[in-house]
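Student: I should like to go through this structure with you and ask how each label is justified.

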Amino acid sequence: GTEPAKRKVPAAMASEPLNDKELDRLAAFGTILFGRKSGCDESATMRAMLRVPSEGGASAAADGTAREDGPFFIACDGSEEEQSVCKQAGITETPVTVVAGVGYLGAQSAKAIRAAIALPDFVSEGLKRAEATLYGSESCSWTVRQKTVFGPAFETVNYVECNREPGKCSAAGVSSVPAWHLAKAGPDGTPRKLVGFQPLPALLQATASRFSEAELKEFTERD
């Protein structure tokens with residue numbers, strides 16, 4: 001399941017609205033907001049930021065009109081089904097905003113959400129510099145999940161479908177998928193292999209040496 005980032009941001013920091021383009025990007029990542037319908041000011045703050053209406057599902061635009069898609073809201077104090085989903089996801093505190101497979105605990109600032117939106121693109125750039133290849137299978141749910149967390153950024157990832165190109169996977173010594181092979185991972189360009197689903201923060205850590213200190217600082221401090 002998703003492991004929420006253990007940090008909280010004061011609700012007052014989450015007041016800046018996101019624009020429609022940013023909400024579209026969140027929708028592309030299958031963003032989920034786990035929260036409460038009542039008794040939680042931080043959940044209300046995040047629902048307002050993500051334009052989530054009272055009854056979950058599609059987001060509500062700033063002028064009150066409904067969006068057909070957007071971040072999905074699951075009320076952990078809602079129906080039995082929603083409570084069950086929260087329990088299965090390991091949600092013990094709310095709100096938790098899941099963007100590209102990464103959970104953020106508490107009311108997040110617009111800056112934090114925008115950084116979450118940019119994370120897949122930044123990670124994919126690191127993978128490109130590391131000359132990384134993802135070996136996977138369309139019939140493997142973990143491969144599908146690995147591809148999904150990148151959203152549109154996955155188009156830039158070098159991917160080998162083992163069902164269609166078994167020879168390439170065999171030659172690379174791939175025995176289980178998903179599997180990442182990074183030709184230039186370490187500071188000295190040493191290769192590295194990662195087996196199994198990898199959260200975006202783990203892939204960022206694996207490719208961090210491909211970025212300069214200035215680039216990493218600029219990303220983490222971006223507006």
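Tutor: Let us begin with Cys-40, which counts as buried because its relative accessibility is 15%, and buried means under 20% relative accessible area, exposed over 50% and partly exposed in between (1.4 Å probe, protein chains only). This is a predicted model, in which local features need pLDDT of at least 70 and side-chain atom pairs count only at pLDDT 80 or more, while totals for chains, interfaces and linings use all residues. Residues are numbered from 1 along each chain as its sequence is written, and side-chain values use heavy atoms, with hydrogens and water left out.

Student: How do you know that the sulfur of Cys-40 has no bond to the closest cysteine sulfur?

Tutor: A disulfide is a pair of cysteine sulfur atoms within 2.5 Å. The closest cysteine sulfur to that of Cys-40 belongs to Cys-76 and is 9.7 Å away, so the two are too far apart for a bond.

Student: What makes Cys-76 and Cys-86 a disulfide?

Tutor: Their S to S distance is 2.0 Å, which meets the cut-off and therefore qualifies the pair as a disulfide. Cys-76 lies in the loop between strand 3 (72-75) and helix 3 (80-88), and Cys-86 lies in helix 3, 10 residues apart. Helices (H or I, at least four residues) and strands (E, at least two) are DSSP runs, numbered from the N terminus.

Student: Why is the disulfide of Cys-76 and Cys-86 called left-handed?

Tutor: The torsion about its S-S bond is about -85 degrees, so the disulfide is left-handed. Both ends also fall under the burial limit: Cys-76 is buried at a relative accessible area of 14%, and Cys-86 is buried at 3%.

Student: How many disulfides does a search of the whole structure find?

Tutor: The search finds two. The other joins Cys-162 to Cys-169, with S to S 1.9 Å, and its torsion of about -90 degrees makes this disulfide left-handed. With the bonded cysteines numbered in sequence order, the pairing is 1-2, 3-4.

Student: Why is Cys-140 not bonded to the closest cysteine sulfur?

Tutor: That sulfur, in Cys-162, is 9.8 Å from the sulfur of Cys-140, which is too far for a bond. Cys-140 is nonetheless buried, with a relative accessible area of 15%.

Student: Is Thr-94 buried or exposed, and how do you know?

Tutor: At 16% relative accessibility, Thr-94 counts as buried. Leaving aside neighbours within four places in sequence, Thr-94 is in contact (heavy atoms within 4.5 Å) with residues including Cys-40 and Cys-76. Thr-94 sits in the loop between helix 3 and strand 4 (96-99), and a cis peptide bond with omega of about 0 degrees joins Thr-94 and Pro-95.

Student: What makes the phi of Arg-51 and that of Glu-131 worth a remark?

Tutor: Most residues other than glycine have a negative phi, and most peptide bonds are trans. Arg-51 is not a glycine, yet has a positive phi of about 60 degrees; Glu-131, also not a glycine, has a positive phi of about 55 degrees. Arg-51 is buried, at a relative accessible area of 12%, whereas Glu-131 has 43% and is therefore called partly exposed.

Student: Why are strand 6 (residues 132-136) and strand 8 said to pair?

Tutor: Two strands pair if DSSP finds at least two bridges between them. Strand 6 and strand 8 have four bridges, in the antiparallel sense, and Tyr-135 stands opposite Ala-179 in strand 8. Four bridges likewise join strand 8 to strand 9 (residues 192-195), and these run antiparallel.
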